[in-house]
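Subject: Structure handover

Hello,

Here is the structure for you to look at. Please open it alongside this message, as the notes below refer to it throughout.

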There are 2 protein chains.
Amino acid sequence: MDHQESHTHSSHNHNDCIETALATAETLCLEQGQRLTKVRRRALELIWQSHRPLGAYQLLAKLAEEGFNSAPPTVYRALDFLLAAGLVHKVESMNAYLGCAHADKPHKGYFLICDSCHNVMEFDYQDVHTSLLEKAARHGFELRAETIELTGLCAKCKMASTGANA
Amino acid sequence: MDHQESHTHSSHNHNDCIETALATAETLCLEQGQRLTKVRRRALELIWQSHRPLGAYQLLAKLAEEGFNSAPPTVYRALDFLLAAGLVHKVESMNAYLGCAHADKPHKGYFLICDSCHNVMEFDYQDVHTSLLEKAARHGFELRAETIELTGLCAKCKMASTGANA
DNA sequence: GCAATATTGTTATGATATAACACTCATACC
DNA sequence: GGTATGAGTGTTATATCATAACAATATTGC
C-alpha cells in the first residue's frame, strides 16, 4: 500500500543509496536500450551524493571540476535524459533536481520539502494519486503528470526550533 | 464541501470574473489595511484578462505599454504583493501567474493544467488537503504550503483530438 | 507642515534554460 | 575492417526568469 521513503536521514549510509540507484539506472537503461554515458552516469551520481535537490548550475560546476564540458547544454542534456528515464525528478518550486529512489517502478514524485534545512523527502501515496485521478476525470481531464510539492517544517527542524524555545 | 471553479471556459462572460475579482481585491485590501495601488490593481486586472497564466515579463510588457515603468522590479513587486495577499497564484511548473478566483477564502491553489491549450483550471478539494495534511503529520512534518499542479489534456482538447481521429 | 514609512524608479546583475550548428563517436550493416 | 547512420557532445550565443541595492517620491499619521 502506501509507500514512503527518505534519503535524507543522516542515520543511514547514503553510499548504499547511491550504489543502489546507480545499479538500478544501469539495469533500466540496458533493458530499454538507452545509453547511460559517462556524463549522464556521473551527473546521476552527483545528484545522489547531494542530500538535497541540486540546481542545474551547481551540478554543472561539479561536472566541470571533473573535466566535463562546462557549458549549460551539457548539464541540461544530462538532466533531460535522466528526467525522461525517470531516474531523477525536478522539484519545480526549487528549480532543482533530485535522485529518484524507486525509478524501477513507475510513480509520481510527491515531495515534502523543509523550508528550514531544505531537505526533501519523497513519498508516494497511492490513495492521493487515485483521488486526484478521479477528480481530474470528473472534470473530463486526462491526467498525465502530477507535481505535488508540500513545504513546511520537517520533524528535525520542528524539534530544533521548539527545543530552542523550551 | 468540494469546490471547483474554472475561469477558462469561453462560455462564460469573463468580464464578470474580472470585475468580481477586482471588487474582492479592493475589499480585502481595505479590510487588511493594504494599499491596492495603481500598478498593483492594473497588474491584477491584466492577469485576470488573460485566460491563461501570465509570465512576469508578459505582464511587464503590458504594463509598460500603458506607461508604467518597464523595469523588472516593477512587475515582481506587484506580483509579490498580489501573491502575499492571496489575490494571485504562481504556477510553479510554468513560472507564470494566475488570478485567484476565491481570494476571500483562505485556500490552496490546486491546478489542472492543459498541455495542449495551456488553460488552467483551479480546483480546491478539501479532502485532498486533509489527506495530505494527515500524511505530512505522519512524518512529523508541519505543513505550511502546497503546490499541486496536475498536467494533462483538458476535456475540450481531448475531444478535439479524438474528434480529429474519428 | 513634517517626520516616518511605504512605494516606486533605476541600474545592474544573478540565476535558470534553450537555440542553433559543428563535430565526434558508437553502432549496425555490409 | 570500412563506412554510413544517428546519437551524443562541444561551442557560441542568447532567451527567460528573478533579485540586489540604493535613490527618489508619495502617503500617512501626527
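What follows is a summary of what was found, starting with one chain, then the pair of chains, then the DNA. Please keep in mind that this is a predicted model.

Chain A

Chain A is built from six helices and six strands. Read from the N terminus, its elements follow the order β-α-α-α-α-β-β-β-β-α-β-α. There are 166 residues in chain A, and 46% of them are buried. Among contacts in chain A with a separation of 6 or more, 53% are between residues 24 or more positions apart. Chain A has an accessible surface of about 8,300 Å², and carbon and sulfur atoms account for 50% of that.

The two copies

How do the two chains relate to each other? A turn of 179° with a shift of 0.0 Å along the axis lays chain B on chain A, with an RMSD of 0.1 Å. This is therefore the relation of a two-fold axis. B:Ile148 has the C-alpha of chain B nearest the axis, at 2.3 Å from it. As for the interface, 100% of the interface residues of chain B are interface residues in chain A as well, so the copies meet through the same surface.

DNA strand D

Which residues come nearest to DNA strand D? There are 18 residues around this strand, and those that come nearest are A:Thr37, A:Arg77, B:Tyr57, B:Tyr76 and B:Lys90. By class, the surface near DNA strand D is made of eight nonpolar, six charged and four polar residues.

Both chains contribute helices here: α2 (38–49) and α4 (72–84) of chain A, and α4 (72–84) of chain B, each supply at least two residues of the surface near DNA strand D. The largest share, four residues, is that of α4(B).

On the DNA side, sugar or phosphate provides 50% of the atoms of strand D within 4 Å of the protein, and bases provide the rest. Individual side chains reach both parts of the strand:

- A:Arg77 has a side-chain N or O atom 2.5 Å from a base oxygen of DNA strand D.
- B:Tyr76 has a side-chain N or O atom 3.1 Å from a phosphate oxygen of the strand.
- B:Tyr97 also faces a phosphate oxygen of DNA strand D, with a side-chain N or O atom 3.2 Å from that oxygen.

A:Arg77 and B:Tyr76 are thus also among the residues that come nearest to the strand.

Regards

Definitions and conventions: Residues numbered from 1 in each chain as written. Chains lettered and ligands numbered in written order. Predicted model: local features only at pLDDT ≥ 70, side-chain atom pairs only at ≥ 80, totals over all residues. Heavy atoms only, no water. Near = heavy atom within 4 Å. Polar contact = N/O pair within 3.5 Å; in protein donor to acceptor, adjacent residues only side chain to side chain. Nonpolar A, V, L, I, M, F, W, Y, C, P; charged D, E, K, R; others polar. Buried < 20%, exposed > 50% of the residue type's maximum accessible area, 1.4 Å probe, protein only. Contact = heavy atoms within 4.5 Å. Areas by Shrake-Rupley, 256 points an atom, 1.4 Å probe, with all protein chains shown as cover. Least-squares fit on C-alpha atoms with pLDDT ≥ 70 in both.
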